[in-house]
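Here are a few exercises to work through with the model open in your viewer. Try each task yourself before you read its solution.

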Amino acid sequence: VLAGEVKNALGLELPNSSMGPLWPGRWGPGWRRQLASAWSLLQQEEYVHLSLLQGLSRHVLPVLGSCGHFYAVEYLAAGSPQHSALFPLGQAAQAQAISHIALSFLDMVSHFDHDFSHRLHLCDVKPENFAIRSDFTVVAIDVDMAFFEPKMREILEQNCTGDEDCNFFDCFSKCDLHVNKCGAQRVNSNLQVICDKIFRHWFPSTLKSSAVSFRLRWQLQQAVQECTDLEVSTGNWRAAPSVFWKLRRLLQALLKELQEAEK
């Protein structure tokens, strides 16, 4: 039954040995209440996601405990490097913070793309759906619209009369007009959406520090635009890994310039 609920929610076939975080291991005197509580929690997809990723990702919230149908997670305020309450920084220090945070976003993208059995797709990317720890680690704090590859394919494969019918929030597919069916394969990526929804608004507007060379600012702006414009259907998806590494290299160079200017 438990495996069936997980498959329905996430589209994943999981062995019973991996279900530990979702189900009480030992039954006490109040086992009926425990059962009712566990069942009510299983109806919440976000709880299922977070529980299964428990201890596997520093980019998602850890579940601290539960009571009835409520569950507690680490408290982190949604924010951005421009949020003065979270980051009371001067201009140069803020530019360093942005560099660290952007690198953490790239680490999260790589992690979600490669470190699980199935790719994890983020279909609702906006600044308020992420929080930033004091060490500048980016954490996804709203995963209601995050889907592993099998569930993503199930969601995308719908009837259509045009490409616009194949857009599921920030996750896009293409319409095959021969059969009027959306492709099950997502044609954009987490990286592309983060470049468009987040990085494009940060660079170069947040890099006003005189410590950053004009050449580096221009290169970073161009790389973010290249990332935003990636179009899988025209074959440019082959450039996606190179754009990822280009952004990573430029952000590391930016951080180095800022740190050297402090000396």
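A disulfide is taken here as a pair of cysteine sulfur atoms within 2.5 Å. The model is a predicted one, in which local features need pLDDT of at least 70 and side-chain atom pairs count only at pLDDT 80 or more, while totals for chains, interfaces and linings use all residues. Residues are numbered from 1 along each chain as its sequence is written, and side-chain values use heavy atoms, with hydrogens and water left out.

**Exercise 1. The disulfides**

Task: Find which cysteine is joined to C195, and say which helices the two partners lie in.

Solution. Start with the bond itself: C195 is joined to C227, with an S to S distance of 2.1 Å. The torsion about this S-S bond is about 90°, so the disulfide is right-handed. Next, place the partners: C195 sits in helix α6 and C227 in helix α7 (residues 214-228), 32 residues apart. Helices (H or I, at least four residues) and strands (E, at least two) are DSSP runs, numbered from the N terminus. Last, check accessibility, where buried means under 20% relative accessible area, exposed over 50%, and partly exposed in between (1.4 Å probe, protein chains only). C195 has a relative accessibility of 0% and counts as buried, and C227 is likewise buried at 0%. For contrast, try C67, which is exposed with a relative accessible area of 60%.

Task: Compare the handedness of the links C160 to C175 and C166 to C182.

Solution. First, C160 and C175 are joined with 2.1 Å from S to S, and the 90° about their S-S bond makes the link right-handed. This pair connects the loop between α5 and β7 (167-168), home of C160, to strand β9 (residues 175-176), home of C175, across 15 residues. Both of these cysteines are buried.

Then take C166 and C182, whose sulfurs also lie 2.1 Å apart. Here the value is -90°, and the link is left-handed. C166 lies in the loop between α5 and β7 and C182 in strand β10 (residues 181-182), so the pair ties together parts 16 residues apart in sequence. C166 and C182 are buried too.

To finish, count: there are four disulfides by this rule. With the bonded cysteines numbered in sequence order, the pairing reads 1-4, 2-5, 3-6, 7-8.

**Exercise 2. Rings around F105**

Task: Work out how the ring of F105 is arranged against those of F130 and F199.

Solution. The criterion comes first: rings of Phe, Tyr and Trp (its six-membered ring) pair if their centres lie within 6.5 Å; planes under 30 degrees apart count as stacked, over 60 as edge-to-face and the rest as tilted. Searching the whole structure gives 12 aromatic pairs. For F105 and F130 the centres are 5.2 Å apart and the planes meet at 75°, so the pair is edge-to-face. F105 belongs to helix α4 (residues 91-114) and F130 to strand β4 (residues 130-132), 25 residues apart. F105 is buried at 3% relative accessible area, and F130 at 4%.

F105 and F199 are also edge-to-face, at 6.1 Å centre to centre and 85° between the planes. F199 lies in helix α6 (residues 190-202) and F105 in α4, so this pair ties together parts 94 residues apart in sequence. As a last step, gather the rings: F105, F130, F199, W202 and F203 form one aromatic cluster.

**Exercise 3. Cores and helix faces**

Task: Which residues touch the most other members of the largest nonpolar core?

Solution. A nonpolar core is a set of buried Ala, Val, Leu, Ile, Met, Phe, Trp, Tyr and Cys residues joined through side-chain atoms within 4.5 Å. Of the 54 residues in the largest core, the answer is F105, F130, F199, W202, F203 and L247. Helix α4 gives the largest share, 10 residues. Apart from this core lies another of seven residues, including C123, M145, I155 and L156.

Task: Identify the buried residues of α5 and say how they are placed about its axis.

Solution. In helix α5 (residues 149-156), the buried residues are E149, K151, M152, I155 and L156. Viewed down the axis of α5, they fall within an arc of 160° (taken from the directions from the helix axis to the C-beta atoms), so they line one face of the helix. Now look at helix α3 (residues 45-52): seven of its eight residues are buried, so α3 is largely enclosed by the rest of the structure.
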